[in-house]
Amino acid sequence: MATVGDENDPTTGGDDMSVPTVVERPDPELDGAVLLPMPPQDGFTAEDLDRIPDLPRHTELIDGNLVFVSPQKFFHMFAITLLNRQMDAQVPEDLIVCREMTAVLGKRQRPEPDLMLVRASALRDLDDTWFAAEDVLLVVEVVSPESEIRDRVRKPLLYAEAGIPHFWLVEQEERGLAVHVYELDRLTDRYSLLGVYRDRLKVSGPCHLDIDLTQRPRTRGQAPSQE
């Protein structure tokens, strides 16, 4: 399992942990612009993500490279909210549903899944920004046009190699959303498809969940529809 030891723990480090160099402003008219840090020769590491100043929200680290998120479509937010709300109401007390947090998978791998189901015992402090792969039981990615290859190919490989046992891939379809449910094959360290769910998502792993996928966004002057 590719996890991070104490020597790579983003919360530890000595005085030699310097902040990566940030490009200086060449012109005062650039005030307010996003300034990208200069990458080290071997790429950024997981701990750098907490030490680089003024990074855009939802910045990920994949293969030592900083990945910035483009503006998301309404579907992306709606799908995350729909799953988050129902999962949070059903998970046992020893698990928590997380969003907008990263998972440290290795020295140069720190993606931000759209949702994670993690062991409650892994939460050390309310200021935590990441979870170790060994404490993550499920990752959920909602496919976006700008991140389609990462969501479908690269991230699932990283999650599987890190030993995360369950993975959901959520896609937009004409009728609504479809959830592709995968489980890790420990012999191959790859995910196997268990099923595709469109109206009702009912699974027993990593815990029992029964999620209504037929909910639709609220339109002006209307209550949310149920089909």
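Let me start with Arg-200, which sits in strand S11 of what is, I should say at once, a predicted model. Its relative accessible area is 48%, and Arg-200 is therefore classed as partly exposed, given that the exposed class begins over 50%. Once its neighbours within four places in sequence are left aside, Arg-200 is in contact with Asp-210, Ile-211 and Leu-213. The C-alpha atom of Arg-200 is separated by 4.9 Å from that of Asp-212, although the two residues are 12 positions apart along the chain. Between strand S11, which covers residues 200-203, and S12 there is a loop that holds Pro-206, and here I would point out the peptide bond joining Gly-205 and Pro-206, which is cis, with omega at about 5 degrees.

Before going further into the fold, a word on confidence. The average pLDDT of the protein chain is 85, and 80% of the residues score at least 70. Residues 1-19, however, have a pLDDT below 50, even though the model gives this stretch 35 contacts beyond near neighbours in sequence. Residues 21-26 are likewise below 50, with 14 contacts in the model beyond near neighbours in sequence. Where pLDDT is low, the predicted coordinates should not be read in detail, and I would treat those contacts with that caution.

Now to the overall architecture. How many helices and strands does the protein chain have? There are two helices and 12 strands, and along the sequence they follow the pattern β-β-α-β-β-β-β-β-α-β-β-β-β-β. The chain has 227 residues, of which 46% count as buried, and it exposes about 12,600 Å², with carbon and sulfur atoms supplying 49% of that area. If we take the contacts with a separation of 6 or more, 54% of them are between residues 24 or more positions apart.

Six of the strands make up an open sheet, in the order S3-S5-S7-S8-S9-S10, and the pairing in that sheet is mixed. The edges are S3 and strand S10, residues 190-197, and because each has a single partner strand, one side of each is left without a neighbour in the sheet. On average, and with direction ignored, neighbouring strands of this sheet are turned by 20 degrees against each other.

Within the sheet I would like to look at the pair S7 and S8, which run parallel and are joined by five bridges. Two positions illustrate the register: Leu-138 stands opposite His-166 in S8, and Val-142 has Val-170, also in S8, as its bridge partner. Is S8 itself enclosed or open to the outside? Six of its eight residues are buried, so S8 is largely enclosed by the rest of the structure.

The approach to S8 is also worth a moment. Ile-164 lies in the loop between helix H2, residues 148-161, and S8, and its relative accessible area is 0%, which places it among the buried residues. Setting aside residues up to four places away in sequence, Ile-164 touches a set of residues that includes Leu-105, Ala-133, Val-136, Tyr-159, Leu-184 and Tyr-191. For Val-136, which is 28 residues away along the chain, the separation of the C-alpha atoms is 6.1 Å.

Turning to helix H1, this element runs over residues 74-90, and its 17 residues reach 25 Å from the first C-alpha to the last, close to the 24 Å expected at 1.5 Å a residue. Its buried residues include Phe-75, Phe-78, Ile-80, Leu-82, Leu-83 and Met-87. What do the buried residues of H1 pack against? Their partners are the strands S3, S5, S7, S8, S9 and S12.

Finally, there are two backbone values that those of you who check torsions may wish to look at. His-58, in the segment before strand S1, has phi near 65 degrees, a positive value in a residue other than glycine, and with a relative accessible area of 27% His-58 is partly exposed. Glu-100, in the loop between S3 and strand S4, has phi near 60 degrees, again a positive value in a residue other than glycine, and at 45% relative accessibility Glu-100 also counts as partly exposed.

Definitions and conventions: Residues are numbered from 1 along each chain as its sequence is written. This is a predicted model: local features need pLDDT of at least 70, side-chain atom pairs count only at pLDDT 80 or more; totals for chains, interfaces and linings use all residues. Side-chain values use heavy atoms; hydrogens and water are left out. Helices (H or I, at least four residues) and strands (E, at least two) are DSSP runs, numbered from the N terminus. Buried means under 20% relative accessible area, exposed over 50%, partly exposed in between (1.4 Å probe, protein chains only). Contact means heavy atoms within 4.5 Å. Accessible areas come from the Shrake-Rupley method with a 1.4 Å probe; for residues, only the protein chains shown count as cover. The expected span of a helix is 1.5 Å times one less than its number of residues. Two strands pair if DSSP finds at least two bridges between them. Axes are lines fitted to C-alpha atoms, for helices over the stretch in contact, and angles run from 0 to 180 degrees between N-to-C directions. pLDDT is the predictor's confidence in each residue, from 0 to 100.
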